[in-house]
Amino acid sequence: MKSTPTQYGSVAVTIHWLSALFILAMLGSGFRASSMTQSAAKEAILMFHVPLGVAILLLTLLRLFWWWGVDQKPRPVDGDPVWQTFTAKAIHVLFYVVILGMAASGIGMLALSGAGGVLFGAGTEPLPDFTEFLPRMPHGLGARLMLALFALHAGAALYHHFIKRDGLIWRMWLGSKGKGTGS
C-alpha cells in the first residue's frame, strides 16, 4: 500500500495511472468540444468532460494529501545527473500547478457562463460562447501546457526504460519487476 525507498506503493500507482488515463480522456474531450459548433454535440461531450475534470481534481488533491500526510516518495534514481533530477521534480510540480489551474479555470467558466445549469439539467438554453469568458484563455493554454508536460513525462519514462534500461518505469507499476531502481 505504501511506497518503499525503491518502489511506489499501490495507492500512489493507482492514483498515477487513473490520473493519466483521465487526463488523456479530458484532453481529448476538451479539444474535441472546443472545435465543435453544434451545441447539442458539444453539450454531450462537456457532460463527460466536466465530471471527469472534477474526478481529476479530487485525485490530485488525494495525491497531494497522500504525499504530505501518509506516504513518502521513493528516493531519486541513483546516477542521474542533477539537472535530470531537478527537471523531473519541476515537471511534477508543474503538473500539479496546471491541474489545479485547469480546475479553477474550468469552474470559473462554468460559474461565469451559467453553462453548469445547461449541462446538468437546470436550463434549456444553448451553451454560451465560452471564448467570451476570461477563464477560457488560461484553460486553453493550460491544456496545451498539459500536453507538453505529458509528452516530456512519457518521453523521460521511455528514455529510462529503453535507453538507460534502469528499470525506472517499474517503480510506478503494481508489483515489482526489473532491476529495482535506486538501489
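Patches are made of residues with over 30% relative accessible area and no salt bridge; like charges are joined within 9 Å, and nonpolar side chains (Val, Leu, Ile, Met, Phe, Trp, Tyr) within 5 Å. A salt bridge is a side-chain nitrogen of Lys or Arg within 4 Å of a carboxyl oxygen of Asp or Glu. Accessible areas come from the Shrake-Rupley method with a 1.4 Å probe, and for residues only the protein chains shown count as cover.

The model is predicted: local features need pLDDT of at least 70, side-chain atom pairs count only at pLDDT 80 or more, and totals for chains, interfaces and linings use all residues. Residues are numbered from 1 along each chain as its sequence is written, and side-chain values use heavy atoms, without hydrogens and water.

**Exercise 1. Describe the chain as a whole.**

Step 1. Count the elements. The chain has 5 helices and 0 strands. (Helices, H or I with at least four residues, and strands, E with at least two, are DSSP runs numbered from the N terminus.) The pattern along the sequence is α-α-α-α-α.

Step 2. Take the dimensions. Along the principal axes, the C-alpha atoms fill a box of roughly 60 × 30 × 25 Å.

Step 3. Look at the surface. About 10600 Å² is exposed, and carbon and sulfur atoms supply 72% of it. Of the 183 residues, 38% count as buried. (Buried means under 20% relative accessible area, exposed over 50%, partly exposed in between, with a 1.4 Å probe and protein chains only.)

Step 4. Check the contacts, meaning heavy atoms within 4.5 Å. Among those between residues at least 6 apart in sequence, 74% join residues at least 24 apart.

**Exercise 2. Find the nonpolar surface patch.**

Step 1. Name its members. Val54, Leu58, Leu61 and Leu100 make a patch of about 330 Å².

Step 2. Locate them. H2 gives the largest share, 3 residues. Leu61 is one residue found in helix H2.

Step 3. Classify Leu61. Its relative accessible area is 42%, so Leu61 is partly exposed.

**Exercise 3. Sort the aromatic pairs.**

Step 1. Apply the rule. Rings of Phe, Tyr and Trp (its six-membered ring) pair if their centres lie within 6.5 Å; planes under 30 degrees apart are stacked, over 60 edge-to-face, and the rest tilted. The whole structure holds 3 aromatic pairs.

Step 2. Take Tyr8 and Trp67. Their ring centres are 5.9 Å apart and their planes stand at 70 degrees, so this pair is edge-to-face. Tyr8 sits in the segment before helix H1 (10–34), and Trp67 in helix H2 (residues 39–70), 59 residues apart. Both Tyr8 and Trp67 are buried.

Step 3. Take Trp170 and Trp173. With centres 6.3 Å apart and planes at 85 degrees, this pair is also edge-to-face. Trp170 has 23% relative accessibility, so Trp170 is partly exposed. Trp173 has 39%, so Trp173 is partly exposed. Trp17 joins Trp170 and Trp173 in one aromatic cluster.

**Exercise 4. Which residues touch the most other members of the largest nonpolar core?**

Step 1. Define the core. A nonpolar core is a set of buried Ala, Val, Leu, Ile, Met, Phe, Trp, Tyr and Cys residues joined through side-chain atoms within 4.5 Å.

Step 2. Pick the residues. Among its 13 members, they are Ile23 and Met146.

Step 3. Trace the helices. H1, H2, H3 and helix H5 (136–164) each supply at least two residues. H3 gives the most, 5 residues.

Step 4. List the partners. Beyond four places in sequence, Met146 contacts Ile23, Leu27, Phe95, Val98 and Ile99.
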